[in-house]
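Visitor: Please take one part of this model and go through it closely, strand by strand. I would like to see how the pairing is laid out and what packs beside it.

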Amino acid sequence: MKKFAFALLSVICAISASAAPQARYFDTAVVTEADTVSQFNPADTITVDPLPGDFFMPLVFNHYEFYDPVEITVPDISAQTVFRRTGNDNPLKNAHMPDWLRRANNTARLAKHINYKILYGSPQLVHYNMATLPEAPKMYYTVVDPSTLRFDIRQFEADLIADAEIREVNLRKRHWINTFSASLQFSQAYVSPNWYQGGNNNLTAIAQFNWDVKLNPKYHPNLLFETHAQYKLGTNSAPDDSLHAYNISEDLFQINSTFGLKAAKRWYYSLTAQFKTQLLNSYESNSHTTRASLLSPGELNIGLGMTYNYLSGKGKFSFDASISPLSYNLRTCIDDKVNAAAYDIPEGRHTKSKFGSSGECKLKWKITYNISFASRIFAFTDYDRFEADWENTLLFEINRFLTTQIYAHLRYDSSTQPCADPQWHKLQVKEILSIGFAYKFSNV
């Protein structure tokens, strides 16, 4: 009941402070005889200041009505006077009490008497009591009987929970954070031969694998290490190609790594690396001419500079920006069947090296629990040629295994050969809307 009294007092104090213009406040309310408390009415307002000055604790009893308070006071008791308790309390004799202790003791006794008067005199004002509090929620578990195919719901026994053995769990530190995701998405169209507008059947499939490895910043705050490996393979049916049943629309194996040493709050001295190529052969339409193959082309870029790394507290938003004033770029074309000049490699050679500058920005944003957005832009220049890639992915997670995504890839290359379509010059665009299956695994 003591807990109720103090809780009720603290809750009502804010109301009384603003809504009780008639309440009179006095420094000390003390009581030494029980018959004095009998004058108390729960609807009255009583303010007690046991320690004036540095400490003030208002004790307020009301029922949302405010009247002139009934002051409960007794003659002053000096600190050197023998203090005695009467009634059923244990006697405390020959005690020389300091003034602050006397005030605190009188305040506690006043609260105790008021508790009893409210509990036994006006029980309708007591909203919470230990005896009337609701029971703790019960726990149940399900038992399956294979012979009858029935489910039995049983209650956990309190003794079993109380006597359950508590084992010490040894949690080992995770220095590396691994995340793996895979998806298979597709789009399909069927057009009957007699369709009035004509058209061709089409089937497109896109498989994607992603693996991220990151050094845990909780245990290594001064180091930055991130590696992202991905492989994309996109194919589509080719009804207009008389030599091939399908074409490869996307074939990319790429690894991006960043290693950094902290320089300031979110800045790191960094070394960035990027490698990409394709794994399968792709051919021009209605031709056996090889357009691209393994390491034809292949590209390696290494940069030295600074990296800015930001991660929100809840992990819903992350942003990385790397600037590398000193960069090395290597291009390869090892397949003699591939036109190396199309990839800015001199005829008769298989590699070409360049020095210049590069920059990279990566953004990941968890918009809602099932919608996420990722963007990455990379640019390199040797001050004679400029190229840039900008990839954007908007992912909708319908459920745990079904997803829809919109993928847009913009590419600019100043050495791009002229296009047959006069509307397109140096800018290249690819956009894919797909739906399919996905799986994600993480060790955190």
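Guide: In this predicted model, the bridge partner of Tyr328 is Phe355, which lies in strand E12. That bridge belongs to an antiparallel pairing of E11 with E12, the latter covering residues 351-368, and the pairing runs over 14 bridges. E11 itself spans residues 317-332 and is also paired with E10, residues 298-311, again in the antiparallel sense, here over 13 bridges. E11 thus has pairings with both E10 and E12.

On the E10 side, Asn309 stands opposite Asp320 of E11. The hairpin that joins E10 and E11 has five residues between the strands, and Gly315 there adopts a positive phi near 75°.

Next comes the packing. The largest nonpolar core has six residues: Ala292, Cys333, Val338, Ala340, Tyr343 and Ile345. In soluble globular proteins, nonpolar side chains tend to be buried together. For Cys333, once neighbours within four places in sequence are set aside, the contacts are Leu295, Ser296, Val338, Ala340, Ile345, Arg349 and His350. Val338, Ala340 and Ile345 are thus both contacts of Cys333 and members of the core.

For the setting of this part, the protein has four helices and 16 strands. Of its 444 residues, 32% are buried. Among contacts with a separation of 6 or more, 54% link residues 24 or more positions apart. The exposed area of the protein is about 28,800 Å², with 60% of it supplied by carbon and sulfur atoms.

Definitions and conventions. Residues are numbered from 1 along each chain as its sequence is written. This is a predicted model: local features need pLDDT of at least 70, side-chain atom pairs count only at pLDDT 80 or more; totals for chains, interfaces and linings use all residues. Side-chain values use heavy atoms; hydrogens and water are left out. Two strands pair if DSSP finds at least two bridges between them. Helices (H or I, at least four residues) and strands (E, at least two) are DSSP runs, numbered from the N terminus. A nonpolar core is a set of buried Ala, Val, Leu, Ile, Met, Phe, Trp, Tyr and Cys residues joined through side-chain atoms within 4.5 Å. Buried means under 20% relative accessible area, exposed over 50%, partly exposed in between (1.4 Å probe, protein chains only). Contact means heavy atoms within 4.5 Å. Accessible areas come from the Shrake-Rupley method with a 1.4 Å probe; for residues, only the protein chains shown count as cover.
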